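Colleague: I'm new to this one. Can you walk me through it?
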Amino acid sequence: MKKRIICSMLATVMAASCMVSGCGKGGNSKASNRAERNKDGVIEYTMISGKTGEDEAAPYFAAAVDRFNEKNEGKYHIELQGSTNYGEKMQQLIKSGNMPTIFEGDDPDFNKNYMIPKKTYYDLSDFLDSHPEIKDLCIDSSLEFVTMEDGTICSMPNVILNSTGVWYNANLYSPSKPIKEMEWDEFVEDLGDNKIALQTGDGAYQIDLLIPALMAQEENGVELMSQWKDENCTDFTTEEWKNVFSKVKEIYDEVGWSGSIGANYPDAANSFMSANSSVIFNGVWIAANLKEDTDGNWSNGFDGADVTCDIYPGNITVGNPDTYTWWINPEADEDELELAYAWLEHYYSQDEVEQRLLSLGGTAPKMDYSEEFLTELEKDPFSSALTNAIQDDTTIVPEYYYFCSNSSMEEMSRLLPSLLDGSMSVDEFCEEMTAKEKANNEN
Amino acid sequence: MKKSNKQANTGMKLYRSEKIGIVLFLVPCMIVFLVFYIYPILEVIITSFSSWDGYGTPEFNGLKNYINLYTNSTFLMSLKNFILWSLLGVTVHVGFGAVIAFILYEKPFGWKFTRFAFMAPNVISAAAWAIIYKFVFSKDYGILNTLIRNFIPDFEVNWLFESPYAFWAVTLTWLFYSVMTTLFIQGDLMAISEEVHESAMLDGATRWQVIRKIDLPLCRISLGTSVLMAISSKIGMYENVKLTTAGGPRDDTMSMAVMLTDSVTNLKYGYANAIAVTMIILGIATLLIINKLFRMNESVY
């Protein structure tokens, strides 16, 4: 009998502990994910963010939260909580019905395929209508992008365009005139023996950045890329694509870094920062690796101070303002909405946008910059070079993955070595890309 | 009579209480097994017959995923690679590990150093090896090309990104790392009684005959385990491929595991699960065949 009781107790304890540890929801979800007014009347919110820790935006974002808390002391308080797997964590929270009060969207596919069809968003049109100073700053195409067919606005539009350009080591290469004023052939010739750090591995990021700049030079190229943003391009056998990939092959043959085949982004960046190549395509975020405190990553006499940038030949920049940014929980109560509105007013204020531009780069095409900002910008040669290069007449084209599928990037990454080493012709390459894309779309 | 009835009743009660105890002890394990093994496997099997992006409701599409998969040239290439890698795994990989085990068993001069030198690299993860091999096989500054250029100055092969070398370059990232085989077989060899060897020698058997007729049959279970591990690791071969060639150039080094993760990344969960089911079937088939061939359930002694 005694044995039986002990057995039963042990088994019950084990089963209970297993169930509690494995299946428990744990914690008060409202307290952890949603803003709440405390007993002192302050609305408190723990904001989960991917812009923490090693993320390049972390220093700016932490300071932005501090400025918000300082400005709203006794009224609102935001506590920042870091998350390394931010995208996954947000998806889990949203799917499990624990959507936070206000948060930044991460995975565009998730936003497009889950958040929007399920209408799990707060309509931000009221906010934008009541804040015309913010609405006026929003990039037109971005506002259009987040406006749904029924007129609701699912997420905050972008006011900043983070675009990419041509970064070059002026110690090795001095352009005969601004690169944006050249044509591609002229630029390739102007480079002489200097090399461009390309890569075929890891989704071929460097070539992903090159393709839209080349496609923009094709007749109707800009319009085609714009059309493909709605419905990804699946046919690579058109004349435009053949011209683009012929040009990619030509650029690799003439001025491609010899280690480009199989290289991942760190390899390409290393070749640039070891003076093995003179040119790399990137956004202003590369500046973090060009500052003096990162000289441990430099070799062969490379000096970050020698680096400057321009936009692509033909006065083209590659960047996409049409992304989802801040979302508000559609079930947010009055207190939560009050905090969310206050945060957005702060985040989209002129001061904060300018701080963001100075810290993270980019341009705010619809903003009249303050004198202080322009003075500060001049102190940062990396940011100012790209910001000054983008003018009203600059053609802005989206990045590759906004008009082609993720799977096509992977297929391209696998096929490019054969195209570049000459074991596959451009026609074969384009046909193979189309066949692979067709097979992927059938599933 | 009454006494014996009472004794029988007490025995029955004890038997029943023990049975209840066993059942109660098994309950947590069964829950874990059902929740963490059976349920996900069933979900994978069921959703493999659907079109599913991982977010919405799966839509039943019959055998479409399987038809698409088995007619997809990329999958056929990954299947071909699996077969070739399995053959190489069973022969060269396991064979090499077994030879090292027999050499170490003889304890020749320097055997301790050899054992350390052979085993030390095996503690490095496959992912780290894959990265190391990227440097070994690099076209410009790789060790291999540098060595070859001593004899052929203009030699230039991009081992990991040129057909047909890429397949062999990826194969070399794992082919000779067979420490588990060595450990299994060495353990079995050390368990063989000295008397068995001595009596064989007294009967005039040569060392080779002893290995063939006594040692290898007595290492049957560890050999079977090694072969099973060699093949099953090729079903799920991921790091060695993803971190070196990502399946390229073209599909030369494609593996089923890379196809599966690519499909998940592209939100094709139904299709990814059809690949997963295929991998499960291959795994079970491998297990059954190896169990049968190596008589894994029978004792060697």
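Modeller: Sure. Keep in mind that this is a predicted model. Strand 2 and strand 3 of chain A make a good start: they run parallel and are joined by seven bridges.

Colleague: Which residue in strand 3 of chain A is the bridge partner of A:Ile43?

Modeller: A:Tyr76 is the partner of A:Ile43 there. Strand 3 of chain A covers residues 76-82.

Colleague: What makes up the β-α-β unit with those two strands?

Modeller: Strand 2 of chain A, then helix 3 of chain A at residues 58-71, then strand 3 of chain A. The unit is right-handed.

Colleague: And how does strand 1 of chain A run against strand 2 of chain A, parallel or antiparallel?

Modeller: Antiparallel, with two bridges between them. Strand 1 of chain A is residues 36-37. A:Arg37 stands opposite A:Ile43. So A:Ile43 faces A:Arg37 in one pairing and A:Tyr76 in the other.

Colleague: How many residues lie between strand 1 and strand 2 of chain A?

Modeller: Five, and the two strands form a hairpin. In the turn, A:Gly41 has a positive phi of about 90°.

Colleague: How many residues of strand 2 of chain A are buried?

Modeller: Five of the seven, in a strand that spans residues 43-49.

Colleague: Let's zoom out. How many helices and strands are there in chain A?

Modeller: Chain A has 19 helices and 10 strands. Its C-alpha atoms fill a box of roughly 85 × 65 × 50 Å along the principal axes. Of the 443 residues in chain A, 53% are buried.

Colleague: What about contacts along the sequence?

Modeller: Take the contacts in chain A with a separation of 6 or more: 73% of them link residues 24 or more positions apart.

Colleague: And how much area does chain A expose?

Modeller: About 19,700 Å², with 46% of that supplied by carbon and sulfur atoms.

Colleague: Now the inside. How many residues are in the largest nonpolar core?

Modeller: The largest core has 107 residues. Those with the most contacts inside it include A:Phe187, A:Trp241, A:Phe281 and A:Tyr400. Helix 3 of chain B, residues 73-105, gives the largest share of this core, nine residues.

Colleague: Is there some general background to that?

Modeller: Yes: in soluble globular proteins, nonpolar side chains tend to be buried together.

Colleague: Pick one of the core residues. What does A:Trp241 touch?

Modeller: Leaving out residues up to four places away in sequence, its contacts include A:Met215, A:Trp228, A:Phe236, A:Tyr400 and A:Phe403. A:Asp235 is also among them.

Colleague: How many residues are in the second core?

Modeller: The second core is separate and has 61 residues. Among them are A:Met47, A:Phe68, A:Leu137 and A:Ile328.

Colleague: What about A:Asn282, buried or exposed?

Modeller: Buried, because its relative accessibility is 1% and the cut-off is under 20%. A:Asn282 sits in strand 6 of chain A, residues 279-283. Its contacts beyond four places in sequence include A:Thr164, A:Trp167, A:Tyr205 and A:Tyr265.

Colleague: Any odd backbone spots?

Modeller: A few. In chain B, a cis peptide bond joins B:Ser163 and B:Pro164, with omega about -5°. B:Pro164 is in the loop between helix 6 and helix 7 of chain B. Another cis bond joins B:Gly248 and B:Pro249, also with omega about -5°. B:Pro249 lies in the loop between helix 12 and helix 13 of chain B.

Colleague: Which loop holds B:Arg250?

Modeller: The loop between helix 12 and helix 13 of chain B. B:Arg250 has a positive phi of about 50°, although it is not a glycine. At 28% relative accessibility, B:Arg250 is partly exposed.

Colleague: And A:Asn315, what is its phi?

Modeller: Near 60°, a positive value in a residue other than glycine. A:Asn315 is in the loop between strand 7 and strand 8 of chain A. A:Asn315 is buried, at 13% relative accessible area.

Colleague: Last topic. How many residues from each chain take part in the contact?

Modeller: The contact takes 39 residues from chain A and 37 from chain B. About 3,100 Å² is buried between the two chains, and carbon and sulfur atoms give 53% of that.

Colleague: Which three residues of chain B supply the most?

Modeller: B:Phe25, B:Tyr55 and B:Arg250. Together they supply 24% of the area that chain B buries against chain A.

Note on methods: Residues numbered from 1 in each chain as written. Chains lettered and ligands numbered in written order. Predicted model: local features only at pLDDT ≥ 70, side-chain atom pairs only at ≥ 80, totals over all residues. Heavy atoms only, no water. Buried < 20%, exposed > 50% of the residue type's maximum accessible area, 1.4 Å probe, protein only. Helix = DSSP H or I, 4+ residues; strand = E, 2+ residues; numbered from the N terminus. Pairing = 2+ DSSP bridges. Right-handed = clockwise from strand over helix to strand, strands pointing away. Core = buried A, V, L, I, M, F, W, Y, C linked by side-chain atoms within 4.5 Å. Contact = heavy atoms within 4.5 Å. Areas by Shrake-Rupley, 256 points an atom, 1.4 Å probe, with all protein chains shown as cover. Buried area = accessible area lost by both parts, 1.4 Å probe.
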